[in-house]
Amino acid sequence: MVRGREVIEALARRFPQLHVAPAEDSQEAYRMAALRGVAPQDARLDHFHTTGEDELRVVETPAGPVEVVFLKDRADFETFLQIIGHKAQPVPIARTVGAITYRGLADWGKVAAAHMRYVASGGDDWGSEFLRLAKDPVAFRTELAVISEGPYSNVPVEDTPYDADEWVRVSREIRLHHECAHVVCRRTMPADVLPVWDEVTADVTGLLFATGQYDAALAARFLGVTANGFAGGRLSEYLDEAQSARIDAVAAEVHAALQQIENTAGPVEAADPFGFLLRLKESPLVAY
């Protein structure tokens, strides 16, 4: 695990575009860094504040390790997303975005390591070797989950059974393992995508890891679902136009599914959240 300022510094050695501060005129510097691995001549990282609680860690899952970045400072999280996800453009990041997983990132740290191994083995034509290795879609690519601080699903502490400090801790763990759940599902069943069910089951995983139990009432608050319909929450973000037109009926159906999950999430499931996730994915309780 890496902590503190070293998180951004370590990542910038692999993703040199992190040296490029978001700005309207940053396209060329971004392109050179992201696509060629060439950091700006005046490479700096002072557009990141960083904190001692920032972390770069690896979470072990049934689908392999997941690399996770935690940035406590909201401004740092938004800057990171602007650089990595929006090519260093200063676009606004919605407050509802608290985590994201990037797939297929060009990792210049992997390139450097491969180059060192090649030279050490006596190789003398790195250009040709690079092109050969680059044909492998994962050789120089990385999957990276990035999470931020803040109340999970923007749910205020007053709507939870926790005090303020505990809700911060619980939110972080839910968010971390929610993202890992998505990675597990995409790696093990890439064609099996039901947006609402994916969110429901990822919340199950997050809650079990964070609290040791599944709280259907809290999960319902995350999504904004009740037995009588939609009450405002994340559910609306995952529906198509036709589903949105009947959102109250969809919400009631999802609410019933959450209750059913709570009835089956006992000690065995709490001891193996990822295993429970994969079993839930095999038999969806909602078709969205």
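The legends below go with close-up views of a predicted model.

**View 1. H47 and its surroundings.**
Let's start with a histidine that sits in a loop: H47 is found between α2 (27-36) and β2 (55-59). Is H47 buried or exposed? With a relative accessibility of 17%, H47 falls under the 20% limit and therefore counts as buried. A polar atom of the H47 side chain is 2.7 Å away from the backbone oxygen of L18. L18 also appears among the residues that H47 touches, together with H19, V20, A21 and P22. Further contacts of H47 are D76, T79 and I83, where residues up to four places away in sequence are left out of the list.

**View 2. The R31 and E28 salt bridge in helix α2.**
Here you can look at a pair of side chains within one helix: R31 and E28 form a salt bridge, with 2.7 Å from N to O. Because R31 and E28 are three residues apart in α2, about one helical turn separates them. Both partners are partly exposed, R31 at 30% relative accessibility and E28 at 46%.

**View 3. The E149 and K72 salt bridge.**
This view turns to a pair from two loops. The closest N and O atoms of the salt bridge between E149 and K72 are 2.8 Å apart. Which parts of the chain does this pair link? E149 belongs to the loop between β5 (141-148) and α6 (164-188), while K72 belongs to the loop between β3 (66-71) and α3 (74-85), so the pair links distant parts of the chain, 77 residues apart. E149 is buried, at 15% relative accessibility, whereas K72 is partly exposed, at 29%.

**View 4. The R132 and E129 salt bridge in helix α5, and a shared network.**
Back in a helix, the side chains of R132 and E129 come together in a salt bridge with an N to O distance of 2.8 Å. Helix α5 (residues 126-134) holds both R132 and E129, and they are three residues, or about one turn, apart. E129 counts as buried at 17% relative accessibility. Elsewhere, E53, K72, E149 and R172 are joined into one network by salt bridges that share partners. How many salt bridges does a search of the whole structure find? The count is 22, and the pairs R31 and E28, E149 and K72, and R132 and E129 are the ones shown in these views. As general background, side chains of opposite charge can pair when their charged atoms come close.

How values were computed: Residues numbered from 1 in each chain as written. Predicted model: local features only at pLDDT ≥ 70, side-chain atom pairs only at ≥ 80, totals over all residues. Heavy atoms only, no water. Helix = DSSP H or I, 4+ residues; strand = E, 2+ residues; numbered from the N terminus. Buried < 20%, exposed > 50% of the residue type's maximum accessible area, 1.4 Å probe, protein only. Polar contact = N/O pair within 3.5 Å; in protein donor to acceptor, adjacent residues only side chain to side chain. Contact = heavy atoms within 4.5 Å. Salt bridge = Lys/Arg side-chain N within 4 Å of Asp/Glu carboxyl O.
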